[in-house]
Amino acid sequence: MKVRALGYVGVESPEAKQWEEFGPEVLGLQIVDGDQPGSIYLRMDDRHHRIAIHPGNKDRLAYLGWELAGDDDLAEAVDKLGRAGYEITEGTEDECEERAVRRFVTVLDPGGARHEFFYGQLSLPGQFQPGRPLTGFVTGEQGLGHVVCVVPDLGAATRFYKMLGFKKSDEIYAFIDAHFFHCNPRHHTLALTEIPRVRGLHHIMIQLNSLDDVGLAYDIVQARGIPITMTLGRHPNDRMVSFYVRSPSGFEIEYGWGALEVGEDWTVTQYDAVSVWGHKMVGTSPPGALEEVL
Ligand SMILES: [Fe+2]
């Protein structure tokens, strides 16, 4: 079983409506029409949408959409997940239309997060119009970006993702311990960490084609008084230059540029810091507000 990329992410939030401004004006994403009234659908490239914010009672990760190559890989995924004891639910026709994919199946992972394995995402070449002037996002075979999830059991989560075909990129042991995984040339599509009594989505990273795109966003965020959670800095492992901003739905957005890519000959290393420079934490709130206390 081989996940190709992170295709889409869905969250639930009482503050979904705030994304009508935050998505295009701050992040440069495009709001597009979608299936569910009240939900905000955000486009960043040729794909119909990459991020969906659904109205809900609390901020929570609703689903991660993992792209497979096609129907043969989906059949293989169903077989492998079934043999591993996971309960598999087929996405209905209406659900597939809402996600803008041909077909998907869903399972809950050992920590309770919902994963959707899909193929055939709707592609609309030339239709993307950024919410404000920018050079564009790094997507394609690298998918929409990366997610960092807080899991209750790092060992169980690692076994789950290895079953999906993820490979370790590296590990950081600092004020927080995190393990990084790739499934395509993006240095990491996924990172996992444990925080006592907390789980959920810590941040979504979206990567820009130009450092100036990141700098302009940094100015916009400060001019609007939107909370920055980590200042501009460079990570030691993927070499990304980025800053972190609090989204209206609690979790953070890492807005970055300049990450390196990994290949077949990648060697796992470890680091003792999360940043080469910068990335100073701002405020006293704990990392990641999309939290569920266990
Ligand atoms: Fe990140």
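# Briefing: sheets, helices and two domains

An open sheet of 8 strands runs through this model in the order β2-β3-β4-β1-β5-β8-β7-β6, and its pairing is mixed. The edge strands are β2 (30–32) and β6 (89–90), each of which pairs on one side only. The model is predicted. The domain assignment splits the protein chain into domain 1 (5–119) and domain 2 (140–293).

**The two domains**

- The C-alpha centres of domain 1 and domain 2 are 19 Å apart.
- Their contact draws 38 residues from domain 1 and 39 residues from domain 2.

**Strands β2, β3 and β4**

- β2 pairs with β3 in the antiparallel sense, over 3 bridges.
- V32 stands opposite Y41 in β3.
- Strand β3 (residues 40–43) also pairs with strand β4 (residues 51–55), again antiparallel and over 3 bridges.
- On that side, Y41 stands opposite A52 in β4.
- Which way do the side chains of β3 point? I40 and L42 point one way, while Y41 and R43 point the other way.
- All of these β3 residues are buried, R43 included.

**Helix α4 on the sheet**

- Helix α4 (residues 154–163) packs on the sheet and touches β5 (60–67), β7 (103–108) and β8 (114–119).
- The direction of α4 makes about 10° with that of β8.
- How many of the 10 residues of α4 are buried? The count is 7, so the helix is described as mostly covered.
- The buried residues of α4 are L154, A156, A157, T158, F160, Y161 and M163.
- The cover over them includes β5, α2 (71–83), β7, β8, β11 and β12.
- A general point helps when looking at any helix: an α-helix has 3.6 residues a turn, so residues three or four places apart point the same way.

**Strand β12 and its partners**

- β12 (residues 190–193) is one of the elements covering α4.
- Strand β9 (residues 146–150) pairs with β12 in the parallel sense, over 4 bridges.
- In that pairing, V150 has T193 of β12 as its bridge partner.
- Strand β11 (residues 177–182) runs antiparallel to β12, and 4 bridges join them.
- Here F180 has A191 of β12 as its bridge partner.
- L190 and L192 point one way from β12, and A191 and T193 point the other way.
- Are these β12 residues buried or exposed? All are buried.

**Helix α1 and its surroundings**

- In α1 (residues 19–26), the residues W19, F22, G23, P24 and V26 are buried.
- The buried residues of α1 pack against β2, β3, β4, α5, β15 (241–246) and β16 (252–257).
- After α1 comes G28, whose phi is positive, near 80°.

**Where α1 meets α5**

- Two packed helices are described by the angle between their axes and the distance between the axes.
- The axes of α1 and helix α5 (residues 211–224) come within 10 Å and cross at roughly 140°.
- Why are α1 and α5 called oblique? Angles over 145 degrees count as roughly antiparallel and 65 to 115 as roughly perpendicular. The crossing at roughly 140° falls in neither range, so the two helices are oblique to each other.
- On the α1 side, the contact is made by E21, E25 and V26.
- On the α5 side, A217, I220, V221 and R224 take part.
- By class, this contact has 4 nonpolar, no polar and 3 charged residues.
- V26 of α1 is both buried and part of the contact with α5.

**An exposed residue: E141**

- E141 sits in the loop between β8 and β9.
- Why does E141 count as exposed? Its relative accessibility is 60%, and exposed means over 50%.
- E141 and E67 are 74 residues apart along the chain, yet their C-alpha atoms are separated by 10.0 Å.
- Leaving aside neighbours within four places in sequence, E141 is in contact with R4, A5, N184 and P185.

Methods:
Residues are numbered from 1 along each chain as its sequence is written. This is a predicted model: local features need pLDDT of at least 70, side-chain atom pairs count only at pLDDT 80 or more; totals for chains, interfaces and linings use all residues. Side-chain values use heavy atoms; hydrogens and water are left out. Buried means under 20% relative accessible area, exposed over 50%, partly exposed in between (1.4 Å probe, protein chains only). Two strands pair if DSSP finds at least two bridges between them. Axes are lines fitted to C-alpha atoms, for helices over the stretch in contact, and angles run from 0 to 180 degrees between N-to-C directions. Angles under 35 degrees count as roughly parallel, over 145 as roughly antiparallel, 65 to 115 as roughly perpendicular and the rest as oblique. Contact means heavy atoms within 4.5 Å. Ala, Val, Leu, Ile, Met, Phe, Trp, Tyr, Cys and Pro count as nonpolar, Asp, Glu, Lys and Arg as charged, and the others, Gly among them, as polar. Domain bounds come from an automatic or database domain assignment.
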